[in-house]
Amino acid sequence: MIPGTCNADIERFFERWFQLEYSESGLQWHLLLKSVRGVLRVIDKLLLGNYRFRETDFTPNIDYYRELASSQHPETLWIGCSDSRLQTGHITQARAGELFIQRNIGNIVPIHDWNFATVLEYAVVHLKVKEVVVCGHSNCGAIRALDKESTDSYIPLWLNNAREAKTRVDSKISPPKTLQEKDDRYRMIEQENVRLQIEHLYTYPLLKKAVDENRVAVHGLYYDLGTGELKKIA
Ligand SMILES: [Zn+2]
């Protein structure tokens with residue numbers, strides 16, 4: 001340490017230097033200091049991640065993002081699960097502006113739901129998407145929850161939208177005994193749920209009309225968390 005100074009003085013000195021050197025880059029001093037000290041909180045990591053995003057992606061592609069800022073023309077409406085392990089843009093390598101996304105627990109298409117209906121109407125009527133995707137995935141907690149008793153207030157009600165998928169699969173197979181059979185059963189329900197939610201999609205007249213007129217195609221996809229593979233199942 002420099003004689004006559006304390007850590008606070010040194011920090012102030014570096015803060016002034018940092019502000020002169022990096023203030024225009026957007027990296028905030030307090031985040032860098034926390035990073036050096038190893039005391040970053042989760043929200044700080046997200047903000048630092050955004051800094052890196054701007055440095056490595058946004059700024060080098062500034063023309064693309066500026067044009068995108070003025071309007072969006074996605075060609076796909078993607079309906080997927082909220083699961084944190086599914087990074088929709090990442091697993092499809094879709095860039096910002098390519099996917100219009102509706103995510104919820106269980107990649108569900110509720111039949112009477114203002115939120116979903118609004119997303120669907122905006123995507124089909126105004127954005128004029130050409131593809132509508134319902135994407136399920138392996139190890140889906142929502143599907144496993146169909147087997148459990150719950151005292152939650154909202155989750156069981158929401159999952160009623162997927163219960164038919166479980167009923168259909170259980171009517172076709174014997175009760176699973178081994179771990180493998182149990183896993184296979186869940187995969188079957190996860191995939192049947194994709195087909196069920198597509199059926200729900202067709203209950204919306206605006207979607208059915210768009211499909212009948214060949215303006216929109218509907219696809220069922222399934223993502224395997226264990227292999228990273230996305231495949232078409234419907
Ligand atoms: Zn899920």
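Start with the sheet. Five strands build an open, mixed sheet, ordered β2-β1-β3-β4-β5. Pairing here requires at least two DSSP bridges between two strands. Strands (E, at least two residues) and helices (H or I, at least four) are DSSP runs, numbered from the N terminus.

This model is predicted: local features need pLDDT of at least 70, side-chain atom pairs count only at pLDDT 80 or more, and totals for chains, interfaces and linings use all residues. Residue numbers run from 1 along each chain as its sequence is written.

**Stop 1: the sheet edges**

Select 99-104 and 230-232. These are β2 and β5, the edge strands, and each pairs on one side only. Across the sheet, neighbouring strands are turned by 25 degrees against each other on average, direction ignored. Axes are lines fitted to C-alpha atoms, for helices over the stretch in contact; angles run from 0 to 180 degrees between N-to-C directions.

**Stop 2: β4 and its two partners**

Select β4, residues 217-223. On one side, β4 pairs with β5 in the antiparallel sense, over three bridges. Look at Tyr222: Lys231 of β5 stands opposite. Leu221 has Lys232 of β5 as its bridge partner. Now follow the hairpin of β4 and β5, with six residues between the strands; there Gly228 takes a positive phi near 80 degrees.

Switch to β3. The pairing of β3 with β4 is parallel and spans seven bridges. Gly136 stands opposite Tyr222 in β4.

**Stop 3: α10 on the sheet**

Select 179-201. This is helix α10, which packs on the sheet and touches β3 (131-137) and β4. The direction of α10 makes about 150 degrees with that of β3. Residues are in contact if their C-beta atoms, placed from the backbone, lie within 7 Å.

**Stop 4: α9 against α10**

Add α9, residues 163-172. The two helices pack at an angle of about 125 degrees, with their axes 8 Å apart. That angle makes α9 oblique to α10. The angle classes are roughly parallel under 35 degrees, roughly antiparallel over 145, roughly perpendicular from 65 to 115, and oblique for the rest. α9 passes α10 in a right-handed crossing. A crossing is right-handed if the near helix is turned clockwise from the far one by less than a right angle, and left-handed if anticlockwise.

Show side chains. From α9, the contact takes Glu164, Ala165, Lys166, Arg168 and Val169. From α10, it takes Arg185, Met188, Ile189, Glu192, Asn193 and Leu196. By class, this contact has five nonpolar, one polar and five charged residues. Ala, Val, Leu, Ile, Met, Phe, Trp, Tyr, Cys and Pro count as nonpolar; Asp, Glu, Lys and Arg as charged; the others, Gly among them, as polar.

**Stop 5: α6 and α11**

Select 114-126 and 205-212. These are α6 and α11; their axes come within 10 Å and cross at roughly 30 degrees. The two helices are therefore roughly parallel to each other. The crossing of α6 past α11 is left-handed. Leu120, Glu121, Val124 and Val125 of α6 meet Leu206, Leu207 and Ala210 of α11. This contact has six nonpolar, no polar and one charged residues.

**Stop 6: the whole chain**

Zoom out. Colour domain 1 (7-58) and domain 2 (72-232). Their bounds come from an automatic or database domain assignment. The domain centres, taken over C-alpha atoms, are separated by 39 Å.

Methods:
Contact = placed C-beta atoms within 7 Å.
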